Amino acid sequence: LLLLDEPFTGLDANSAIDLRNRITAERIAGRAVVCVTHEPGEAWLPATRIVVLSAGRLVLDTPRPDSLEEFRVAYSQAIAA
């Protein structure tokens, strides 16, 4: 199990790419990876599931949508509910 809390904060573009590749490699190797971020685009490619908490309440738990835009729509609806 790999737990990451805002792992992309302060990384330059090349380091962010390296981290995405590492997260993907860990997932492919069968390890669970939990990545907490305020910017879903940072970890979008290696993600398989999206979970959103708002004010400590679970508002969205879904397999990763096909596009980041599709997620942003679902996110807006979940937060508004």
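In what order do the elements of the protein run from the N terminus on? The order is β-α-β-β-β-α. The model is predicted, and in it the protein has 2 helices and 4 strands. Reading along the chain, strand β1 covers residues 2-5, helix α1 covers residues 13-28, strand β3 covers residues 49-54, strand β4 covers residues 57-63, and helix α2 covers residues 68-80.

Consider the overall dimensions next. Along the principal axes, the C-alpha atoms occupy a box of roughly 35 × 25 × 25 Å. The radius of gyration is 13 Å, and this agrees with a compact globule, because a globule of 81 residues would have a value near 12 Å. Of the contacts in the protein with a separation of 6 or more, 38% join residues that are 24 or more positions apart.

The surface can be described in a similar way. About 5,600 Å² of the protein is exposed, and carbon and sulfur atoms supply 54% of that area. Of the 81 residues, 25% count as buried. The charged side chains number 8 positive and 11 negative, and the centres of these two sets lie 6 Å apart.

Some single residues show how these totals look in detail. Start with Glu26, which sits in helix α1. Is Glu26 buried or exposed? Its relative accessible area is 12%, and buried means under 20%, so Glu26 is buried. The side chain of Glu26 makes a polar contact with the side chain of Arg22, at 2.8 Å. Once the neighbours within four places in sequence are left aside, Glu26 is in contact with Leu2, Arg31 and Val33. Leu2 belongs to strand β1, which spans residues 2-5.

Ala78 is the next stop, in helix α2. Ala78 has a relative accessible area of 11%, and therefore counts as buried. Which residues is Ala78 in contact with, leaving aside its neighbours within four places in sequence? They are Val59 and Leu60, and both positions fall within strand β4, residues 57-63. Arg64 is 14 residues from Ala78 along the chain, and the C-alpha atoms of the two are separated by 15 Å.

Strand β3 offers a residue of another kind. Leu53 lies in this strand, and its relative accessible area is 60%. Exposed means over 50%, so Leu53 is exposed. Leu53 and Pro7 are 46 residues apart in sequence, and their C-alpha atoms are 18 Å apart in space.

Two loop residues deserve a look for their backbone angles. Glu6 is placed in the loop between β1 and α1. Phi of Glu6 is near 50 degrees, which is a positive value in a residue other than glycine. With a relative accessible area of 21%, Glu6 is partly exposed. The other residue is Ala55, in the loop between β3 and β4. Phi of Ala55 is near 55 degrees, again a positive value in a residue that is not glycine. Where Glu6 is partly exposed, Ala55 is exposed, with a relative accessible area of 85%.

To go over the single residues once more, Glu26 in helix α1 is buried, and Ala78 in helix α2 is buried. Leu53 in strand β3 is exposed, and so is Ala55 in the loop that leads from β3 to β4.

Notes:
Residues numbered from 1 in each chain as written. Predicted model: local features only at pLDDT ≥ 70, side-chain atom pairs only at ≥ 80, totals over all residues. Heavy atoms only, no water. Rg over C-alpha atoms; globule rule 2.2 N^0.38 Å. Buried < 20%, exposed > 50% of the residue type's maximum accessible area, 1.4 Å probe, protein only. Contact = heavy atoms within 4.5 Å. Areas by Shrake-Rupley, 256 points an atom, 1.4 Å probe, with all protein chains shown as cover. Lys, Arg positive; Asp, Glu negative; His and termini not counted. Charge placed at Lys NZ, Arg CZ, Asp CG, Glu CD. Polar contact = N/O pair within 3.5 Å; in protein donor to acceptor, adjacent residues only side chain to side chain.
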